[in-house]
Amino acid sequence: MTAGDGPSRTGFLSAVPARAWSRAERLNPALRWPAAGLFTVTETSGAIGDGFRDWWGRQPGGMRWLVYLLLILVALVLPSDSIGSFMSPDSDWATLLFFPIGGYILLAIGLNVVVGQAGLLDLGYVAFFAIGGYTMAVLGTKAGLDFWEILFLGVMVSALSGILLGAPTLRLRGDYLAIVTLGFGEIVRITAQNTNAIGGPNGIAGIPHPPNLTDWAVPDGFPFSSLGLSGIQPFQYGALDAHPYYYVMLLVIIVAIIFVKRLEYSRVGRAWASIREDEDAAELMGVPTFKFKLAAFAIGAAIGGAVGVVYAAQAVSLTPANFPFILSATILAAVVLGGSGNLPGVMLGAFLVAWIPERIRFLAEYRILIFGGVLVVLMIFRPEGLLPSRQRKAELAEGTGGMGALGAEVGGSSMDAARMAQ
Amino acid sequence: VHSFIDQFWPSTVDGLALGSIYALVALGYTMVYGVLRLINFAHSEIFMIGTMAVIGALNVIGVPSLYSGFSLIGVALLLTVVGGVASGASAVLLELVAYRPLRRRGASRLAALISAIGASIFLQQLFARLVIPKAFHLPKEKGALPVDKHFVQRTNVVSIGDFIVSNDKLILFLGAILMMVALDQFVNRTRLGRGIRATAQDPETAVLMGVNIDRIVIATFAIGGAMAGVAAALYMVRFEETSYNVGFLLGIKAFTAAVLGGIGNLRGALVGGITLGLVEMYGSSIFGSQWQHVVAFSVLILVLMFRPTGILGESLQQARA
């Protein structure tokens, strides 16, 4: 990647007002001013994304490692009270960071493999989350295994379930796959609800916490005390403090990012991209599409399962109601909102989707209403997502990226191909 | 299996009644999908709005005594008109607010899907938090509870041994068939219907031939929405109860029905809806009603494994065939 097609290396923000206005100008006069404001926000986020990407492309390896290190450092001190007092005045910040924020981010990373990279629409992703959670619950209460063993097993079990679902259904194209995955999600939830061996509608209670590693505590004094982190025991998994669980989630997230990122730059990632862009062409060029689609499903499922295991380890009890369809939809919204296919974008999207409803808790009963409205507005003003992948952005600029009334579509080219094949 | 044989006729009648509702709602999914290739996730809320309009209309005309016989037919007719208008209008509004701006910008189908999901969440909450408490004078926290209105006096119209059809089910079934036939004729014989088929088949060529796509899209949403409104009225005749999330499961099922029959195919919606309704009722008589939904989705997966584009295949464009 080289410093590329951005408008200029410095002052990349200077073009924002003009571009925002030129977009708003095309709208109805009554809407023009509010729209201009919104476009300014979306254009700015895009320009910062682009500017950062250009800068990133020019950096040598050492600098990149420094940034990675810094990011991890930030993530480590993130659950401190001083940050929490701003980010979530109404509820415990560390708990929030563990779930939904951390959980959604990891789920979005997993779903992004399926949707963003391989281009398979999965509307039942919550099923794998549930399978991971129930694996932890059943093995933890009945088999007496400990968390770390179950984490491994849970990942395996959910990957296997991904293969079991995918093997018969991945020959389906586009939206047929979407409804089948949706059905699978509901099958898993209702089956859990109807099976008394795993607690039926009451679910499973008494899920063990992970074993304590050490009783080391964060020492007093600078900088920990000013951050409000001192005295926390990050390796003692109790019932009250969410910090240790957040660190487990963070660890899994980091591992998942490395894993997914390595895949993206490998033969597998290129195969996924080719399947996403044009499945028939990929097949003709010798890509074993079915195998790679199955791999995407299995890997996405494995990550979803990992979230389930970690979540169950903190939650003590699970019920089928923890895994509704709307969670699948929310995670999908996170992926698309952030910028399908682009990992930082997807994580940003997941963060926003998890955080906004919590931050506006003071609006009480209207928060979900506003959340729904925000989704629509964001999609209208930034359909490519907040931090889109370069490719997606280029497609949109060409005007070939969509479901337009003229039916020109790239994302759904599989449907067109299916029609042409008839 | 014994219970299946014992329950065969009652399940068949219930299955046909349920299937008729699925089929009518599935029409909305299938038409929008045929024209825009978009899963209109908020269609379930269009249905919900229809049921609310029906309750509103019943509150206005009042229920001096339970309706049956011809007075029930009259009331049902009125309610289908009210439901159809309310749902059709809200479907058009939905397209103007949530989908048209995205189409203008050439957004991806995925973005449109998220906009649809957002609109669905928004509408559900709007009704639960504001509209239901205000319109039906309920305390605010009651908005999320079911609202009901009894107005049907049930009598058995046909009764041959086990084969018993009550008046509400008969109205439901006949109403659905009537609407399906009318829509089929409309799409196949009128100018607007031809425009819809042309757009579904090849939008670019349709534009070149002078079809006004925006008008076609509006018409598609209006018709699909109106069908959901009719379904809502018939649903209320049968069940007399609704809530802010009544559309959720029904919407998923109707979409399943559309896919089962072959999405984009109007007759497929009928076939898929009836099939799904029967399968659910037979399935729950065999395995117990708690497995009803599992049976439905399992059958969907099985059918798609062997017929990847549904029972009749996808073809709004070839509706004449």
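What follows is a chat between a colleague and a modeller about how the terms apply to this predicted model.

Modeller: Ground rules up front: it's a predicted model, where local features need pLDDT of at least 70, side-chain atom pairs count only at pLDDT 80 or more, and totals for chains, interfaces and linings use all residues. Residues are numbered from 1 along each chain as its sequence is written, chains are lettered from A and ligands numbered from 1 in the order in which they are written, and side-chain values use heavy atoms, with hydrogens and water left out.

Colleague: Okay, what makes E240(B) buried or exposed?

Modeller: Buried means under 20% relative accessible area, exposed over 50%, and partly exposed in between (1.4 Å probe, protein chains only). E240(B) has 5% relative accessibility, so it counts as buried. Its phi is also near 60°, positive in a residue other than glycine.

Colleague: And V316(A), why is that one called partly exposed?

Modeller: V316(A) comes in at 32% relative accessibility, so it counts as partly exposed. V316(A) has a positive phi too, about 70°, although it is not a glycine. It's in the loop between helix 13 and helix 14 (325-338) of chain A, where helices (H or I, at least four residues) and strands (E, at least two) are DSSP runs numbered from the N terminus.

Colleague: What about L145(B), which class does its relative accessible area give?

Modeller: L145(B) has 43%, so partly exposed. You'll find L145(B) in the loop between helix 5 (109-135) and strand 1 (147-148) of chain B.

Colleague: How do you know that the length of helix 12 of chain B agrees with what's expected?

Modeller: The expected span is 1.5 Å times one less than the number of residues. Helix 12 (residues 292-306) of chain B has 15 residues, so it should span 21 Å, and its end C-alpha atoms are 22 Å apart, which agrees. Its buried residues, including F297(B) and L300(B), pack against helix 7 (147-169) and helix 8 (174-194) of chain A together with helix 2 (8-36), helix 10 (246-261) and helix 11 (266-287) of chain B.

Colleague: Why is helix 8 of chain A called largely enclosed?

Modeller: Because 18 of its 21 residues are buried. Helix 8 of chain A reaches 31 Å from first C-alpha to last, close to the 30 Å expected.

Colleague: What makes the largest pocket's lining 30 nonpolar, 11 polar and 9 charged?

Modeller: Ala, Val, Leu, Ile, Met, Phe, Trp, Tyr, Cys and Pro count as nonpolar, Asp, Glu, Lys and Arg as charged, and the others, Gly among them, as polar. By that sorting, the lining divides into 30, 11 and 9. A pocket is an open set of points on a 1 Å grid over the protein atoms alone, with protein on both sides within 12 Å along at least five of seven lines, and lining residues have an atom within 4 Å of a point. The largest pocket has 50 of them, with L71(A), I257(A), L343(A), P344(A) and M347(A) nearest its centre. Helix 3 of chain A gives the most, 10 residues.

Colleague: Which elements of chain A have the lowest and highest confidence?

Modeller: pLDDT is the predictor's confidence in each residue, from 0 to 100. Helix 18 (residues 413-421) of chain A has the lowest mean, 37, and helix 13 (residues 289-315) of chain A the highest, 94. Chain A as a whole has a mean pLDDT of 82, with 88% of its residues at 70 or more.

Key:
Contact = heavy atoms within 4.5 Å. 1 Å grid on protein atoms, 1.4 Å probe; cavity = no way out; pocket = protein on both sides within 12 Å on 5 of 7 lines; lining within 4 Å.
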